[in-house]
Amino acid sequence: MTLYISSRELEKEDRLRRIIASKFTQIILPPITKIELVLTERCTLHCDYCFVANKNASKRMSLEIAHASINFLMAHSHDKRELSVAFFGGEPLLEFALMCQIATYAKEMAKRYGKQISFAVTTNNTRMTHEIARFGRKYDFNYLLSVDGDQESHDRHRVTAKGVGSWKSVMGTKFDILKSIQGWVGARLTVNPDTVDRLSSGVRLLHERGVNQFLIGLNMDVEWNENESNIWVEEMEKVRHYYFDQKLKGSPIRINEFDETLADIRNNSTGKWGCDAGRTRLAVSCSGDLYPCSRFVSPFPGVEDRYRLGNVFEGITNFTVHAELLDATDQNRPICRSCEYKDYCTGPCAASSFHMLGDIHAPQPINCVYSRLRVTRLEKPL
């Protein structure tokens with residue numbers, strides 16, 4: 001006897017499965033408080049270390065997917081009231097009109113749900129205008145500039161399609177516009193092995209130019225040899241001395257990691273592994289798919305398919321991979337168990353570790369250098 005199931009019944013069953021999966025994620029999994037929206041893969045620059053390695057200029061987020069993303073955030077934030085939306089690309093300011101629509105909708109939804117929402121934009125600053133800066137001020141945007149120090153360091157890797165350096169465009173009149181309206185300006189510096197020796201002088205120059213806050217990150221998608229790692233340690237010491245010298249003078253500057261104590265690091269690190277990617281933070285691709293963070297959306301071959309967690313309409317459905325991201329035990333990294341700095345370390349960028357080592361939990365050598373540096377520099381007086 002053949003049992004016939006109609007297409008309508010199959011659709012009902014599939015819909016029920018999606019509802020159950022959505023309810024499960026809302027009840028069992030950690031609340032999502034941060035969401036990254038990849039508005040476009042288009043960009044005004046062709047930086048050679050960009051993790052969006054295979055940009056597709058036709059990919060852009062629709063307003064329908066953007067609204068669904070905000071709805072997803074509201075529904076999966078549970079009782080958490082402080083939420084954030086980060087705009088990514090490509091270059092997100094190429095979709096400024098869409099960004100305005102999203103921000104307006106997000107504010108309305110946050111008010112409806114009794115929540116507070118903040119916005120951040122990571123931008124190369126090549127599209128900054130008075131209108132963009134003023135809108136950001138109105139909605140309390142935090143524009144974070146991608147600028148890699150002095151002109152020589154920056155232009156070595158962050159170039160236009162014609163191979164021309166972009167430092168003058170980023171730090172010229174467009175920077176003055178943003179500075180005059182936003183006031184406090186933060187910068188994300190990516191340090192490469194061939195520019196690491198200019199790190200401290202780059203921080204000094206940018207601060208003198210008007211940058212107030214610094215997020216200093218290593219390019220973890222390349223190999224670092226011992227000499228380059230040692231130079232980085234020396235340069236970070238110079239940055240540390242400059243930072244506290246400026247703080248004593250009352251200069252407006254902030255580098256959060258230098259304000260941490262050993263107790264702070266231990267409290268924030270013990271028993272933890274990895275950042276909040278895939279836990280309390282998710283990224284949404286142009287097509288509405290969910291990933292742990294923007295680094296996983298389209299960075300390297302094999303990452304996108306493996307770490308797709310679901311989509312904004314159905315929620316998280318790839319529970320096996322999600323459980324892998326939530327795992328904070330040291331069972332997957334026996335090398336860490338005997339490390340004297342294990343209680344001061346939360347591990348590397350998961351996407352970079354997957355790219356370099358094929359394992360999101362595996363520590364990279366340069367990450368171990370960083371963990372050691374965090375502890376030893378705090379033990380040593382200035």
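A cavity is a set of points, on a 1 Å grid over the protein atoms alone, where a 1.4 Å probe fits but cannot get out; a residue lines it if an atom lies within 4 Å of a point. The volume is the space filled by probe spheres set on the points, and grid points are joined across faces, edges and corners.

The model is predicted: local features need pLDDT of at least 70, side-chain atom pairs count only at pLDDT 80 or more, and totals for chains, interfaces and linings use all residues. Residues are numbered from 1 along each chain as its sequence is written, and side-chain values use heavy atoms, with hydrogens and water left out.

**Exercise 1. Cavities**

Find how many cavities of 30 Å³ or more the whole structure holds, then describe the lining of the largest cavity.

Solution.

Step 1. Rolling a probe the size of a water molecule over the atoms shows where empty space is left. The search finds 3 cavities of 30 Å³ or more.

Step 2. The largest cavity has a volume of about 120 Å³. Its lining includes W273, C275, F296 and H361.

Step 3. Sort the lining by class. Ala, Val, Leu, Ile, Met, Phe, Trp, Tyr, Cys and Pro count as nonpolar; Asp, Glu, Lys and Arg count as charged; the others, Gly among them, count as polar. The largest cavity has 8 nonpolar, 2 polar and 1 charged lining residues.

Step 4. Turn to the second largest cavity. Its volume is about 60 Å³. Its lining divides into 3 nonpolar, 5 polar and 2 charged residues. β5 (186–191) gives the largest share, 3 residues. Helices (H or I, at least four residues) and strands (E, at least two) are DSSP runs, numbered from the N terminus.

**Exercise 2. The two sides of α4**

Which residues of helix α4 (residues 130–138) are buried, and which exposed residues sit on the face turned away from the buried side?

Solution.

Step 1. Fix the cut-offs. Buried means under 20% relative accessible area, exposed over 50%, and partly exposed in between (1.4 Å probe, protein chains only).

Step 2. I132, A133, F135 and G136 of α4 are buried. They span an arc of only 160 degrees around the axis, so they lie on the same side of α4. The arc is taken from the directions from the helix axis to the C-beta atoms.

Step 3. Recall the helix rule. An α-helix has 3.6 residues a turn, so residues three or four places apart point the same way.

Step 4. Look at the face turned away. E131, R134, R137 and K138 are exposed there.

Step 5. Find the cover. α3 (96–113), β4 (141–146) and α7 (173–182) are among what covers the buried residues of α4. Contact means heavy atoms within 4.5 Å. Just after α4, D140 has a positive phi of about 55 degrees.

**Exercise 3. Aromatic pairs**

Classify the pair F87 and F119, then the pair Y243 and F244.

Solution.

Step 1. A pair of aromatic rings is described by the distance of the centres and the angle of the planes. Rings of Phe, Tyr and Trp (its six-membered ring) pair if their centres lie within 6.5 Å; planes under 30 degrees apart are stacked, over 60 edge-to-face, and the rest tilted.

Step 2. The structure holds 12 aromatic pairs. In one of them, the centres of F87 and F119 are 6.2 Å apart and the planes meet at 5 degrees, so the pair is stacked.

Step 3. F87 lies in strand β2 (residues 82–88) and F119 in strand β3 (residues 116–123), so the pair ties together parts 32 residues apart in sequence. F87 is buried because its relative accessibility is 0%. F119 is buried too, at 3%.

Step 4. Y243 and F244 stand 5.1 Å apart, centre to centre, with 70 degrees between the planes; the pair is edge-to-face. Y243 is buried at 0%. F244 is partly exposed at 23%.

Step 5. Ring pairs also link F87, F96, F119, F135, Y139, F141 and Y143 into a cluster.

**Exercise 4. Two strand residues**

Is F214 buried or exposed, and which residues does S146 contact beyond four places in sequence?

Solution.

Step 1. F214 lies in strand β6 (residues 213–218). F214 is buried, because its relative accessibility is 3%. Beyond four places in sequence, its contacts include A187, V203, H207 and I255.

Step 2. S146 lies in strand β4. S146 is buried at 12% relative accessibility. Beyond four places in sequence, S146 contacts T122, T123, N124, H154, R158 and R188.

Key. 1 Å grid on protein atoms, 1.4 Å probe; cavity = no way out; pocket = protein on both sides within 12 Å on 5 of 7 lines; lining within 4 Å.
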